[in-house]
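The exercises below are to be worked with the sequence and the 3D structure at hand. Try each task before reading its solution.

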Amino acid sequence: HYTIELPNGIKGNIQIENSTGNGIFYCPMQCEGDKTYPQSGDCPVCGMQLIEQQSMKMRAEYTCPMHPEIKSSKPGSCPKCGMQLQPVAPNKSNEEIVYNELKKKMIVAVSFTLPVFIISMTDMIPNNPLGKIMNHQGWNWVQFFLTLPVIFYACWMFFVRAWKSVITWNLNMFTLVGVGTGVAFSFSILGLLFPQMFPSEFKTHGGSVMLYFEASVVILTLVLLGQLLEAKAHNKTSGAIKELLKLAPSEALLVENGEEKVISIEDIQVGNLLKVKPGEKIPVDGIIMEGTTTVDESMLTGEPIPVNKSQEDEVKSGTINGSRTFVMKADKIGSDTLLSQIIELVNQASRSRAPIQNLVDKVAKYFVPIVVIIAVLTFCLWALFGPNPAYVYAFVNAIAVLIIACPCALGLATPMSVMVGIGKGAKSGILIKNAQALENLNKINVLVLDKTGTITEGKPSVDEIFVLDEKDEKILISQIASLNKNSNHPIANAIVHFADSKNIEAKEVNHFEEISGKGVLGNVEGNNVQLGNLKMFEAVEREIDEKLLEKAIREQENGKTVSFIGVNQKVVGLICISDAIKKTVKSLSKLLKTLESKF
């Protein structure tokens, strides 16, 4: 938010929207279910930092490299110098800002906590070397001053959250942290300033009171570390959604009245004609109106082999166009596209509640007051029945109950594991519907995997070439490699790499033609060469030798792709393409078998 003053002297507030968020915040612990908040801050129930929901829109901003004051929401030219406007990097997300702030506080906390801890622990060393520099009371004052930045800067937010939890009576883990460390710190200050107020049981042989500055700052620093790790997990989960958002381009090429114009993806309307060039990402869901191409849909299906597309075929946002230009009609835009629905699914799933979370909430509701009562009873019992110095033992053990019983793991483990699990799954192409589905994974006893792109590399390679006349093998490899140098299809690339590995040179090709869904053909050194599937040769009524057909059937049964080779109206051989099994599959198989034996 910014305050501005208008020319007439009137002041007002404006809000500049973060390009990565949507201005809606939620509690990562889902204390009140799906309830959201209109501004950042701490959760009124558990005190946790509220997280901003990720915006589902791709907001592009452009600026001039020579005149950075020029800002535009659309691509174009600079009104001052005429240079092409360049996209501006998006603002940092709320999660990233929180993480960086906590990281800065963590550095401060560790820098001051470590010396306090060392000073305190040297008391246990015979003939304490620090005693030669300064007396015990002097080092107590050093600890006090070193503790202040940790208490009142790095970790002050924990005391604020603890106070809020008490006045609203929503007791949580910050209640225990605040009470425990607050009592220890307050006791230490009193012992430092007014040692005469304390009985001899609380004092050392030198007459100074036993202080607990190091206990306060060490505990607070460890809690801060937990908050930092939590913020990092949030940031990574947010990063997974950002990676999905990056799958869609920020602009598109509009075809209108015979003219082409670059527009922002947000300006696309249903029915617009859009031109997609080779290698570009498809901006929205639509239907091909002109042209044919191949589209890499691996981000949706996991299949690495591009899909042939022609007129009236559907294409999806975020998929990648192959080697040909086509014109499409926008059918679904914005939140209606399949990619947007996937992103929203991941976003909702990361905030969903696992059934076990309801049990955790019920336990936590009664857990904190019970712990406080136990701490009071602990102090009383040690004070009455403990060995001397009884009050010292009573105090230390009461504080220990408050701190050790802090339900950090109880409150954080379930929602954090759900968030991280769903976020990492999305980044790896695994979409999980909600937290309940994730929890039900422990009941699975059968796992079904498809082959291509899942347990294989997703990179086709030549496994074998089979020809009727072995003397012609090198010549055939040269001919089919020559053809495929003109294609961007993964199988074509595999054949070219195969020829290169054998140092076989490709020749010049004339009259090259790529038949969508069937294969390629052309003239190589005066020979008409064809390479394609069975449909390609059946269409031109080419007779295929029984020996080749039997070989093709055997290889296809083994999961290989087979392409027949034709030269001058005759089918002379075939080539087998396979997708190598990933190196990690073997270890995965062993792991699954190990897990199977445990159920």
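**Exercise 1.** Find the partner of aspartate 463 in a salt bridge (a side-chain nitrogen of Lys or Arg within 4 Å of a carboxyl oxygen of Asp or Glu), and place both residues in the chain.

Solution. Aspartate 463 bridges to lysine 560, with the closest N and O atoms 2.4 Å apart. The two residues come from distant parts of the chain, 97 residues apart: aspartate 463 lies in strand 18 (residues 456-467), and lysine 560 in the loop between helix 15 and strand 22 (561-567). Helices (H or I, at least four residues) and strands (E, at least two) are DSSP runs, numbered from the N terminus. Next, follow the shared partners: Asp463, Glu464, Lys551, Glu555 and Lys560 are joined by salt bridges into one network.

The model is predicted: local features need pLDDT of at least 70, side-chain atom pairs count only at pLDDT 80 or more, and totals for chains, interfaces and linings use all residues. Residues are numbered from 1 along each chain as its sequence is written, and side-chain values use heavy atoms, with hydrogens and water left out.

**Exercise 2.** Why is aspartate 463 classed as partly exposed?

Solution. Buried means under 20% relative accessible area and exposed over 50%, with partly exposed in between (1.4 Å probe, protein chains only). Aspartate 463 is partly exposed because its relative accessible area is 39%.

**Exercise 3.** Are lysine 309 and glutamate 297 buried or exposed, and how do their side chains meet?

Solution. Their side chains form a salt bridge of 3.1 Å, N to O. Lysine 309 belongs to strand 14, while glutamate 297 sits 12 residues away in the loop between strand 13 and helix 6 (298-301). Both residues are buried.

**Exercise 4.** Give the strand order of the open sheet of three strands, and name its edges.

Solution. The order is 14-13-16, with antiparallel pairing. Two strands count as paired if DSSP finds at least two bridges between them. Strand 14 (307-309) and strand 16 (320-321) are the edges, each pairing on one side only. Strand 13 (residues 293-296) is joined to strand 14 by three bridges. In this pairing, threonine 294 stands opposite asparagine 308.

**Exercise 5.** Which residue takes a positive phi in the hairpin of strand 19 and strand 20?

Solution. Strand 19 (residues 509-515) pairs with strand 20 (residues 519-524) in the antiparallel sense over five bridges. Isoleucine 515 stands opposite glycine 519. Three residues lie between the strands, and glycine 517 takes a positive phi near 80 degrees.
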